[in-house]
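The exercises below are meant to be worked through with the sequence and the coordinates open side by side. Each one sets a task and then gives a solution in steps.

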Amino acid sequence: NIIYFNWIMKKVLCIIPARLGSKSIKNKNIFKFKGKELIYYSIRFANSLKFINKTIFSSDSIKYLNIAKKYGSKNNYLRPKIYSSDFAKTISLVKYLLKEELKKGLKYNFVLILQPTSPFRKVSDFSKAFNLLKQKKYDTVITISESSEHPMRMKILNKNNLVKNYIKLNAESLTPRQKLSKVYIRAGSMYFIKVKSLIKNNSLVGKKVFGIKVKNQYSLNIDTKKDIILAKHYFND
C-alpha cells in the first residue's frame, strides 16, 4: 500500500505517444527513415535530455512497444483501449499516466510530450524551455513555426459554394502578404508544461505560453505524403 502523502518528487516526466491508427499515412509512426522507424528518433532524443527523470513510451500496439524496447526504451506501456481510438485526446492519456505514476508514489513538476511525427529537434531549444519553465513567468513552452498562409487571405465555402472570408471583414483585404503581420502555428515538436497547469486547464497548453520559433526541418510534423518526401530530403542532407 502506498502512503500518498509521502511523495517522491521528480522534475520531468517525458511521454512519447505512438498510436497504431493513422488516417493519413498507415503506420506512419514506424515509417522508416535511414533504416530506423520514426519512433526511434524521439526515443533517441529523449535519452539525450539530461533533465528528464523518466520517459514513458505509450502505444496501443505490441509491435510498436517491441520496436521501442529494441531502441533502448525502458518504460513501455500498453495503453488502455479508451485512450487509443481516433477520437481519444492526448491530454486524457497524459492524465492517466500521471495517475499511474502517482500510484507508485511518483509526482512530477513538468510533463514533456514528444510526438514521434516530429523527428528533428535541437537539445538547445529544450534546455531553454526547461529553464523558462523553472521560472514563474510561463506555464507552457511550445515550438511554433511561421505560417505560409495568412488568415486575412483565407476563404471558406458555404453550402451553396459561395466564397466567404474566413475572418469577418467589412471589405475584402487586398493588403500585400509582405505587409501583413506574421502569424504562427504550433510546430508539434514540443509540448512542455507544468503539471499544475495541465490539471487546472485540462490542456497540454496553459495560459502563459512561451513560443520557441523553429523552421525548416525543425518545424516538420509528418502528417501527409508530402511531409514524408520532405523528411526524406532532410534526412539525406
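**Exercise 1. The buried residues of helix α4**

Task: List which residues of α4 are buried, then establish where on the helix they fall and what they pack against.

Solution. The model is a predicted one, and the burial of a residue is judged here by a relative accessible area under 20%. By that criterion, D125, F126, A129, F130, L132 and L133 are the buried residues of α4. When the helix is viewed down its axis, these buried residues fall within an arc of 160 degrees, and therefore they line one face of α4. An α-helix has 3.6 residues a turn, so residues three or four places apart point the same way. The next step is to ask what the buried residues of α4 meet, and the contacts show that they pack against β1, α1 (38-48), β6, β7, β10 and β11. As a whole, helix α4, which spans residues 123-133, lies across β1 (8-17), β6, β7, β10 and β11, and its direction runs at about 55 degrees to that of β10.

**Exercise 2. The sheet and its edges**

Task: Work out the order of the strands in the open sheet, and say which strands stand at its edges.

Solution. Seven strands make up an open sheet in the order β5-β4-β1-β6-β10-β7-β11, and the pairing within it is mixed. At the edges stand β5 (75-78) and β11 (209-213), each of which has a single partner strand, so that one side of each is left without a neighbour in the sheet. Neighbouring strands of this sheet are turned against each other by 25 degrees on average, with direction ignored. Helix α2, residues 62-70, also packs on the sheet, where it touches β4 (54-59) and β5, and its direction makes about 180 degrees with that of β5.

The mixed character of the pairing can be followed strand by strand. Parallel pairing joins β1 to β6 over seven bridges, with I8 standing opposite L106 in β6. Parallel pairing also joins β1 to β4, here over five bridges, and L13 stands opposite K54 in β4. Strand β6 (residues 106-113), by contrast, runs antiparallel to β10, to which four bridges join it, and V111 is found opposite I193 in β10. Strand β7 (residues 140-146) is likewise antiparallel to β10, with six bridges between the two, and in this pair E146 stands opposite Y184.

**Exercise 3. The burial of strand β10**

Task: Decide how many residues of β10 are buried, and what this says about the surroundings of the strand.

Solution. Strand β10 covers residues 184-194, and eight of its 11 residues are buried, so the strand is largely enclosed by the rest of the structure. This agrees with its place in the strand order, where β10 stands between β6 and β7.

**Exercise 4. Two asparagines with positive phi**

Task: For N161 and N202, determine the backbone phi, and then state where each residue lies and how accessible it is.

Solution. N161 is not a glycine, yet its phi is positive, at about 65 degrees. The residue lies in the loop between β8 (155-157) and β9 (163-165). With a relative accessibility of 58%, N161 counts as exposed, because the cut-off for that class is over 50%. N202, also a residue other than glycine, has a positive phi near 50 degrees, and its position is in the loop between α5 (195-201) and β11. Its relative accessible area is 42%, and N202 is therefore partly exposed.

**Exercise 5. Enclosed and open space**

Task: Find how many cavities of 30 Å³ or more the structure holds, and identify what lines the largest pocket.

Solution. A search of the whole structure yields one cavity of 30 Å³ or more, and the largest cavity holds about 30 Å³ of space. Its lining consists of F120, R121, K122, D125, F126, T143, S189, V214 and Y218; D125 and F126 also belong to the buried residues of α4.

The largest pocket has a volume of about 750 Å³. It is lined by 28 residues, of which P17, R19, A88, T90 and Q115 are the closest to its centre. The elements that contribute two or more residues to this lining are α3 (90-103) and β10, and the largest share, three residues, comes from α3.

Definitions and conventions: Residues are numbered from 1 along each chain as its sequence is written. This is a predicted model: local features need pLDDT of at least 70, side-chain atom pairs count only at pLDDT 80 or more; totals for chains, interfaces and linings use all residues. Side-chain values use heavy atoms; hydrogens and water are left out. Buried means under 20% relative accessible area, exposed over 50%, partly exposed in between (1.4 Å probe, protein chains only). Two strands pair if DSSP finds at least two bridges between them. Axes are lines fitted to C-alpha atoms, for helices over the stretch in contact, and angles run from 0 to 180 degrees between N-to-C directions. Contact means heavy atoms within 4.5 Å. The arc is that of the directions from the helix axis to the C-beta atoms. On a 1 Å grid over the protein atoms alone, a cavity is a set of points where a 1.4 Å probe fits but cannot get out, and a pocket is an open set with protein on both sides within 12 Å along at least five of seven lines; lining residues have an atom within 4 Å of a point. Grid points are joined across faces, edges and corners, and a volume is the space filled by probe spheres set on the points.
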